[in-house]
Amino acid sequence: MAILEVKNIEKCFGNLCVLKKIDFSLEKGESIAIIGSSGSGKTTLLRCLNFLERPDKGSIIINDKVIFDAMDPATQREREVRKKRLHFGLVFQNFNLFPQYTVLKNVTLAAELLAKEDSDFKHNKKAVMQEIQTRGKMLLAQVGLSDKLDNYPHMISGGQQQRVAIARALALEPDILCFDEPTSALDPEITGEVLKVIRSLADRNTTMIIVTHEMDFAREVADRVIFMDEGLIVEQGSPEELFGNPKEERTKQFISRYKKD
């Protein structure tokens, strides 16, 4: 059963339509890589899924529940947006860590803020905070940063900052973890450490959508690859199908450029 269904999503900015009838599903435990040239709509699609942009048309369904329908104003209430975002953990291109907080605090902050909104928080404050701290440390250990808990972002490398961002995205236990070109802001020599963490998540059957320009990585890690061009899903299939025997001419041209590089 699909954990995510995206149906006929469209998004325009003025006269420029950057998403056109986007339609795909995602199974629990599946990893999808989205590839395509700059400007093909990949990042806008992730921003729509995370409600950083509001689609003009279409619907988004999580676990058989419609969480967005462009034709239904009841699914678009602003007060519900933050709750809907909890379904998706988003790792941005440029880390977006809070410079004034330690590595551990960056990971635990969102969970702490949510916990404080609970009516029982005052009665269980110590236990709740301890549980959040324990989970934060566990996640940082998972991404190989147990020794950086008390460091501030400026004290660690770009690759380490991105690993903190991954731990932060996992902290609220989202249904789906989304990556928006997670290595594009990194020097080539430290790209591998971030890809290694994402690869380990795939090995643990983490449900993921990965927008990436790392073609070899997409081929190795993804269960399915989606190729986008000019706001359309041109073709999708297994890595073997899409990279080895693409059916659409636009896909063939894109893959041939990648192979030359």
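## Around helix H1

Helix H1 gives way to Phe 51, a residue with a positive phi, near 60°. This is a predicted model, and H1 is a pleasant place to start a tour of it. Running from residue 42 to residue 49, the helix is mostly covered, with six of its eight residues buried. Those six are Lys 42, Thr 44, Leu 45, Leu 46, Cys 48 and Leu 49.

Let us pause at Thr 44, which belongs to H1. Its relative accessibility is 15%, so Thr 44 counts as buried, the limit being under 20%. Which residues does Thr 44 contact, once neighbours within four places in sequence are left aside? They are Lys 11, Phe 13, Val 18 and Leu 19.

## The sheet beneath the description

Four strands make up an open sheet, in the order E2-E1-E4-E5, and their pairing is antiparallel. At the edges are strand E2 (16-27) and strand E5 (65-69), each of which pairs on one side only. On average, neighbouring strands here are turned by 15° against each other, direction ignored. As a general reminder, strands of a sheet pair through backbone hydrogen bonds, either parallel or antiparallel.

How many bridges join E1 to E2? There are eight, linking strand E1 (residues 2-13) to its antiparallel partner E2. Within this part of the sheet, Ile 9 stands opposite Ile 22 of E2.

Helix and sheet also meet. H1 lies across E1, E2 and strand E4 (57-62), and the helix runs at about 65° to E2. The contacts of Thr 44 fit into this picture: Lys 11 and Phe 13 are among them, and both positions fall in E1, which spans residues 2-13.

## Ser 40, just ahead of the helix

Where does Ser 40 sit? This serine is found in the loop between strand E3 (31-35) and H1. Because its relative accessibility is 2%, Ser 40 counts as buried.

Two polar links are worth following with the structure open. The side chain of Ser 40 reaches the backbone oxygen of Ser 37 at 2.8 Å. Ser 40 also makes a side-chain to side-chain polar contact of 3.4 Å with Lys 42, one of the buried residues of H1. Not counting residues up to four places away in sequence, Ser 40 touches Val 18, Met 228, Asp 229, Glu 230, Gly 231 and Leu 232. Val 18 also appears among the contacts of Thr 44.

## Rings and charges

The count of aromatic pairs comes to three. One of them joins Phe 98 and Tyr 101 in an edge-to-face arrangement, with 5.8 Å from centre to centre and 70° between the planes. The angle is over 60 degrees, which is why the pair counts as edge-to-face. Are these two residues buried or partly exposed? Phe 98 counts as partly exposed because its relative accessibility is 37%, and Tyr 101 is partly exposed too, with a relative accessible area of 28%.

Two lysines add charge to the ring story. Lys 11 lies over the face of Phe 13, at 5.1 Å from the ring centre. The charged end of Lys 84, in turn, sits over the ring of Phe 51, 5.9 Å from its centre; Phe 51 is the residue with positive phi that follows H1.

## A stop in helix H6

Our last stop is Ser 200, which lies in helix H6 (residues 188-203). With a relative accessible area of 21%, Ser 200 is partly exposed. Its C-alpha atom is separated by 23 Å from that of Asn 96, a residue 104 places away along the chain.

How values were computed. Residues are numbered from 1 along each chain as its sequence is written. This is a predicted model: local features need pLDDT of at least 70, side-chain atom pairs count only at pLDDT 80 or more; totals for chains, interfaces and linings use all residues. Side-chain values use heavy atoms; hydrogens and water are left out. Buried means under 20% relative accessible area, exposed over 50%, partly exposed in between (1.4 Å probe, protein chains only). Helices (H or I, at least four residues) and strands (E, at least two) are DSSP runs, numbered from the N terminus. A polar contact is a pair of N or O atoms within 3.5 Å; within protein, one must be able to donate a hydrogen and the other to accept it, and residues adjacent in sequence count only if both atoms are side-chain atoms. Contact means heavy atoms within 4.5 Å. Rings of Phe, Tyr and Trp (its six-membered ring) pair if their centres lie within 6.5 Å; planes under 30 degrees apart count as stacked, over 60 as edge-to-face and the rest as tilted. A charge sits over a ring if NZ of Lys or CZ of Arg is within 6 Å of the ring centre and within 35 degrees of the ring normal. Two strands pair if DSSP finds at least two bridges between them. Axes are lines fitted to C-alpha atoms, for helices over the stretch in contact, and angles run from 0 to 180 degrees between N-to-C directions.
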